[in-house]
Amino acid sequence: MGNISILDTNWVGRPHSIAAALLEADGHRAIIDPGPESTLATLRERLHARGLSVAQLDAILLTHIHLDHAGASGSLVRENPRIAVYVYNLGAPHVIDPSRLVASAQRLWPDTLHQLFGDTLPVPKENLRILEGGETLTLGTRKLEVAYTPGHASHHVSYFDAAEGIAFVGDTTGIRIDNGPYILPATPPPDINLEIWDSSFATILARQPSRLFLTHFGYADKPAEHIQAFRRRLHHWAELTAEILRSASTEADAKKTFVTRAQEEMQEHLGPEEADHHAFTAGLDLSFLGLARYLRKRADATA
Ligand SMILES: [Zn+2]
């Protein structure tokens, strides 16, 4: 079995925003989603607090390659070239050469990219272990099943620890902080696809996990209820986006209206302070852009 710990990366000074998971079993140490490079110092402190250092890490398991999950990988490997980095095949080229990934992030965060994510270094090809989905990884005494779970991103996998009953789902089941009362989607461009997402929910539910581990943030109980509530909100937000796109005069107006409406909804459930924290962690403007892109792609496909 072994230990599983939440390492709070304290992203831009915000606790309970991005969680890395430390998996220890029989001397094997792996991190699922080490977070962005900007929080590397905090990650190091969290390891030190457990008597560990980067030199003792054996593996990094990426759920997907977005910078808030994977950005620190290159720096960690530079420090400890022994680390194996597991990533889904579609994501691998962008981990080896992050220039396109960083360029597209630069368009989404023109002014704040570096402050948010730091420097995203490449991971040497020989450190990569390329996943197709369907593998069972052996990490010390721990077995982890890998399953392909697209929807949020085309390069997203989830990891299942059957012995512990935990599904490490990255962003596949949304954002819910500390098992809180509100689950919100993170739907950034360019891969959002609600139909494909449904198959990933089925993939997760078929494993009957007793808990989900969300990058944003921590454990969520009752996976079936969580996923049902999340799916409802995901579709509700897609409908809200469609409605706003029909009536707004410009894309900028549409985005503003979406963010306001989503924030109002969240405040009803969470109060103003927690609503702000959830909104920051999710990036509501990006969620609008991703849903708008998905809706247009779908409309073009049926036209
Ligand atoms: Zn994320």
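This section describes salt bridges, backbone geometry, a charged surface patch and selected residue environments in a predicted model.

Salt bridges were examined across the chain, and the count comes to 10. Side chains of opposite charge can pair when their charged atoms come close. One of these salt bridges joins the side chains of Glu-24 and Arg-29, with an N to O distance of 3.8 Å. Glu-24 has a relative accessible area of 18% and is therefore classed as buried, the limit for this class being under 20%.

A second pair consists of Arg-44 and Glu-79, whose closest N and O atoms are 2.6 Å apart. Arg-44 belongs to helix α1 and Glu-79 to helix α3, so this salt bridge ties together parts of the chain that are 35 residues apart in sequence. Both partners fall in the partly exposed class: Arg-44 has a relative accessibility of 26%, and Glu-79 has a value of 42%.

A third salt bridge is formed by the side chains of Arg-142 and Glu-164, at 3.6 Å from N to O. Arg-142 is located in strand β8 (residues 142-148), whereas Glu-164 is in the loop between β9 and β10; the pair therefore ties together parts that are 22 residues apart in sequence. The two partners fall in separate accessibility classes, for Arg-142 is buried at 3% relative accessibility, while Glu-164 is partly exposed at 23%. Through salt bridges with shared partners, Arg-142, Asp-161 and Glu-164 are joined into one network.

The loop that holds Glu-164 also includes Ala-163, which is placed between β9 (157-161) and β10. Ala-163 is exposed, with a relative accessibility of 58%. The C-alpha atom of Ala-163 is separated by 32 Å from that of Glu-79, the two residues being 84 positions apart along the chain.

Backbone geometry was considered next. A cis peptide bond with omega of about 5 degrees links Pro-189 to Pro-190. Pro-190 is situated in the loop between β10 (166-170) and α7 (194-206). Another cis peptide bond runs from His-216 to Phe-217, where omega is near -5 degrees. Phe-217 is part of the loop that connects β11 (211-214) and β12 (218-221).

Positive phi values in residues other than glycine include those of two aspartates. Asp-33 has phi near 55 degrees and is located in the loop between β3 (28-32) and α1 (40-49). With a relative accessible area of 1%, Asp-33 is buried. Asp-178 has a positive phi of about 50 degrees and lies in the loop between β10 and α7, the loop in which Pro-190 is also placed. In contrast to the buried Asp-33, Asp-178 is partly exposed at 41% relative accessibility.

Asp-178 also contributes to the surface charge, as one member of a negative patch together with Glu-273, Glu-274 and Asp-276. Asp-276 is located in helix α9 (residues 251-282) and is partly exposed, with a relative accessible area of 42%. The patch thus includes Asp-178 and Asp-276, both of which pass the limit of over 30% relative accessible area that is required for patch residues.

Helix α9 also contains Glu-265, for which the relative accessible area is 17%, a value in the buried class. Beyond residues up to four places away in sequence, Glu-265 touches Tyr-182, Arg-233, His-236, Trp-237 and Leu-240. Glu-265 and Ala-275 are 10 residues apart in sequence, and their C-alpha atoms are 8.8 Å apart in space.

A further buried position is found in helix α3 (residues 73-79), where Ser-73 is located. The relative accessible area of Ser-73 is 1%, which places this residue in the buried class. With residues up to four places away in sequence left out, the contacts of Ser-73 are Pro-34, Ile-60, Leu-62 and Val-123. Helix α3 also carries Glu-79, which is partly exposed at 42% and forms the salt bridge with Arg-44 described above.

Conventions. Residues are numbered from 1 along each chain as its sequence is written. This is a predicted model: local features need pLDDT of at least 70, side-chain atom pairs count only at pLDDT 80 or more; totals for chains, interfaces and linings use all residues. Side-chain values use heavy atoms; hydrogens and water are left out. Patches are made of residues with over 30% relative accessible area and no salt bridge: like charges are joined within 9 Å, nonpolar side chains (Val, Leu, Ile, Met, Phe, Trp, Tyr) within 5 Å. Accessible areas come from the Shrake-Rupley method with a 1.4 Å probe; for residues, only the protein chains shown count as cover. A salt bridge is a side-chain nitrogen of Lys or Arg within 4 Å of a carboxyl oxygen of Asp or Glu. Lys and Arg count as positive and Asp and Glu as negative; His and the chain ends are not counted. The place of a charge is taken as NZ of Lys, CZ of Arg, CG of Asp or CD of Glu. Helices (H or I, at least four residues) and strands (E, at least two) are DSSP runs, numbered from the N terminus. Buried means under 20% relative accessible area, exposed over 50%, partly exposed in between (1.4 Å probe, protein chains only). Contact means heavy atoms within 4.5 Å.
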